[in-house]
Each structure stands twice: as structure tokens, then as C-alpha cells.
Amino acid sequence: MANLTSPKSLVLYAFQLLLLAQIQVSCYQYKVGDLDAWSIPSSANPQVYTFWSKYHSFQIGDSLLFLYPPSQDSVIQVTEQNYNSCNLKDPLLYMNNGNSLFNITTHGEFYFTSGIPGHCEKKQKLRISVLSGNGSAYSSSYGPSALPDTAAPSYPTVFGTIPLSPSDSTTNKFSIFLSAVIGAAISSTINGFM
């Protein structure tokens with residue numbers, strides 16, 4: 001049996017650690033609106049949430065962070081029908097702590113708006129789509145799109161640290177496999193020399 005503290009074992013372990021450190025986490029936390037907080041869009045940028053959603057791709061494991069003054073606003077998850085009509089009654093999820101995190105755990109469309117009356121009509125609403133594969137996003141402040149009609153399920157608010165940048169889980173599986181193959185090859189090579 002090989003000595004785990006031998007120089008060849010330590011070199012092998014160090015190399016495998018370096019390869020595994022390069023594997024990226026497959027989820028990302030998105031701050032809704034980026035530099036803008038969750039609020040009524042300004043007259044200079046009335047479609048901020050529409051454009052924001054169009055330029056982000058969402059996948060299962062990602063999360064949306066809504067930041068807003070808790071005494072002045074809230075965020076609710078609603079059905080497509082309530083989203084289109086700005087109906088705030090019977091939300092699927094209600095968050096009002098100013099630091100609200102929505103975790104994406106399934107494919108489909110998700111609809112959000114402010115829980116304050118009148119804000120939805122002023123375009124403070126967000127629609128995202130999580131499609132199979134890498135996922136894609138779309139937001140519309142003007143009604144239904146060509147994407148499938150599904151009601152968004154409700155999820156609890158969860159807080160945590162911000163994960164690394166997004167990546168495809170298939171890439172991660174390949175990286176782990178590649179790391180194992182390279183590690184085995186180096187181990188065989190080292191064993192042949194020592």
C-alpha cells in the first residue's frame with residue numbers, strides 16, 4: 001500500500017486540488033435590476049425590468065435578490081393572469097423584508113410585482129422564464145408572450161451568500177471526470193518513476 005505522505009502522493013493531491021478548484025458552481029444570485037433597487041422605474045428607464053430580464057439567462061439553482069426599503073415596498077409572486085391585470089389579491093408568495101431572495105427550483109415562468117397598490121401599473125413588475133437546458137429569460141410589461149402558459153409555484157424566502165458565476169452543470173460533470181482521468185494518469189506516471 002502506498003504511503004499517503006510520500007512526495008508522489010502529495011504532488012498528486014496538490015494537482016487534483018488545483019483541478020477541482022477550477023470547477024464553477026452551477027448557480028448564481030441575480031440582483032433584480034442590477035444597480036437599480038426594486039422600485040418604480042424612473043421616467044428615464046421605464047422598461048428597466050423588461051430589459052434586465054432579457055439580458056440574463058436563468059437556470060434551476062439560481063436565485064433572484066430583490067432589494068428595497070422594507071417600510072416602503074414589497075415583492076409578491078403572482079400568477080400570469082394577476083401579473084397581466086396587476087391584481088395584487090391572492091399572491092403565491094409575499095416578501096416584505098427588503099432583502100428578499102427567491103430561489104429558482106423548477107423550469108417555467110415566474111411573475112413578480114410590487115405588493116404596493118399602483119406600483120404594478122407603473123411597470124414595477126418582472127417576468128422571467130426558466131427553460132430546459134441552459135435556460136433563457138424574457139420579461140414583458142405588456143401582457144402575455146409566446147412562452148408556455150404555466151402558473152409559477154410558491155417558494156420560501158431563503159438567505160445565503162452569493163455563489164460564483166453561472167455555468168452549465170454538464171460542463172461541471174465533464175470537469176470532474178476530466179480531473180479524475182488526469183489524476184489517474186499522473187498517478188500512474190508517478191508510480192512508474194518511483
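A residue is called buried here when its relative accessible area is under 20%, exposed when the area is over 50%, and partly exposed in between. With that cut-off in hand, Glu109 counts as buried, because its relative accessibility is 2%. The legends below walk through several close-ups of this predicted model.

**View 1. Glu109 in strand E6 meets Arg127.** Let us start with the residue just introduced: Glu109 belongs to strand E6. Which side chain does the side chain of Glu109 contact? The partner is Arg127, and the polar contact between the two side chains is 2.5 Å. With a relative accessibility of 2%, Glu109 is buried.

**View 2. Ser53 of helix H2 reaches the backbone of Arg127.** Arg127 appears again here, this time through its backbone oxygen, which lies 3.0 Å from a polar side-chain atom of Ser53. Ser53 is part of helix H2, which covers residues 48-54. Is Ser53 buried or exposed? Ser53 is buried, since its relative accessible area is 0%.

**View 3. Four antiparallel strands make an open sheet.** The strands follow one another in the order E4-E3-E6-E7, and their pairing is antiparallel. Strands E4 and E7 take the edges with a single partner strand each, so each has one side without a neighbour in the sheet. On average, neighbouring strands of this sheet are turned by 20° against each other, direction ignored. Inside the sheet, strand E3 (residues 75-78) and E6 run antiparallel and are joined by four bridges. To find your place along this pairing, look for Gln77, which stands opposite Phe112 in E6.

**View 4. A three-stranded open sheet has mixed pairing.** Here the order is E1-E2-E5, and the pairing is mixed. Which strands stand at the edges? They are E1 (29-31) and E5 (99-103); each has a single partner strand, so one side of each lacks a neighbour in the sheet. Neighbouring strands of this sheet are turned by 25° against each other on average, with direction ignored. Strand E2 (residues 63-67) and E5 run antiparallel, and five bridges join them. A handy landmark is Leu67, which stands opposite Asn99 in E5.

**View 5. A disulfide joins Cys86 to Cys120.** A disulfide is a covalent bond between the sulfur atoms of two cysteines. How many disulfides does a search of the whole structure find? The search finds one. This disulfide links Cys86 and Cys120, with an S to S distance of 2.1 Å. Cys86 sits in the loop between helix H3 (80-85) and strand E4 (93-95), while Cys120 sits in the loop between strand E6 (108-114) and strand E7 (125-130), so the pair ties together parts that are 34 residues apart in sequence. The torsion about the S-S bond is about -70°, and the disulfide is therefore left-handed. Both cysteines of the pair, Cys86 and Cys120, are buried. As for Cys27, its relative accessibility of 18% makes it count as buried.

**View 6. The rings of Tyr28 and Tyr30 pair edge-to-face.** A pair of aromatic rings is described by the distance of the centres and the angle of the planes. The count of aromatic pairs comes to 10. In one of them, the ring centres of Tyr28 and Tyr30 are 4.6 Å apart and the planes stand at 70°, so the pair is edge-to-face. Tyr28 is partly exposed, with a relative accessible area of 26%, whereas Tyr30 counts as buried at 6% relative accessibility.

**View 7. Trp38 and Phe66 share an aromatic cluster.** Trp38 and Phe66 form an edge-to-face pair, with 5.0 Å from centre to centre and 85° between the planes. Trp38 lies in the loop between E1 and H2, and Phe66 in strand E2, so the pair ties together parts that are 28 residues apart in sequence. Trp38 is buried, with a relative accessible area of 1%, and Phe66 also counts as buried, at 0% relative accessibility. Which residues form the cluster? Trp38, Tyr49, Phe66, Phe102, Phe110 and Phe112 form one aromatic cluster.

**View 8. Lys125 sits over the ring of Tyr83.** To close the set, here is a charge over a ring: the charged end of Lys125 is 4.5 Å from the ring centre of Tyr83.

Technical notes
Residues numbered from 1 in each chain as written. Predicted model: local features only at pLDDT ≥ 70, side-chain atom pairs only at ≥ 80, totals over all residues. Heavy atoms only, no water. Pairing = 2+ DSSP bridges. Helix = DSSP H or I, 4+ residues; strand = E, 2+ residues; numbered from the N terminus. Axes fitted to C-alpha atoms, helices over the stretch in contact; angles between N-to-C directions. Disulfide = S-S within 2.5 Å. Buried < 20%, exposed > 50% of the residue type's maximum accessible area, 1.4 Å probe, protein only. Polar contact = N/O pair within 3.5 Å; in protein donor to acceptor, adjacent residues only side chain to side chain. Phe/Tyr/Trp six-rings, centres within 6.5 Å; stacked < 30°, edge-to-face > 60°. Lys NZ or Arg CZ within 6 Å of the ring centre and 35° of its normal.
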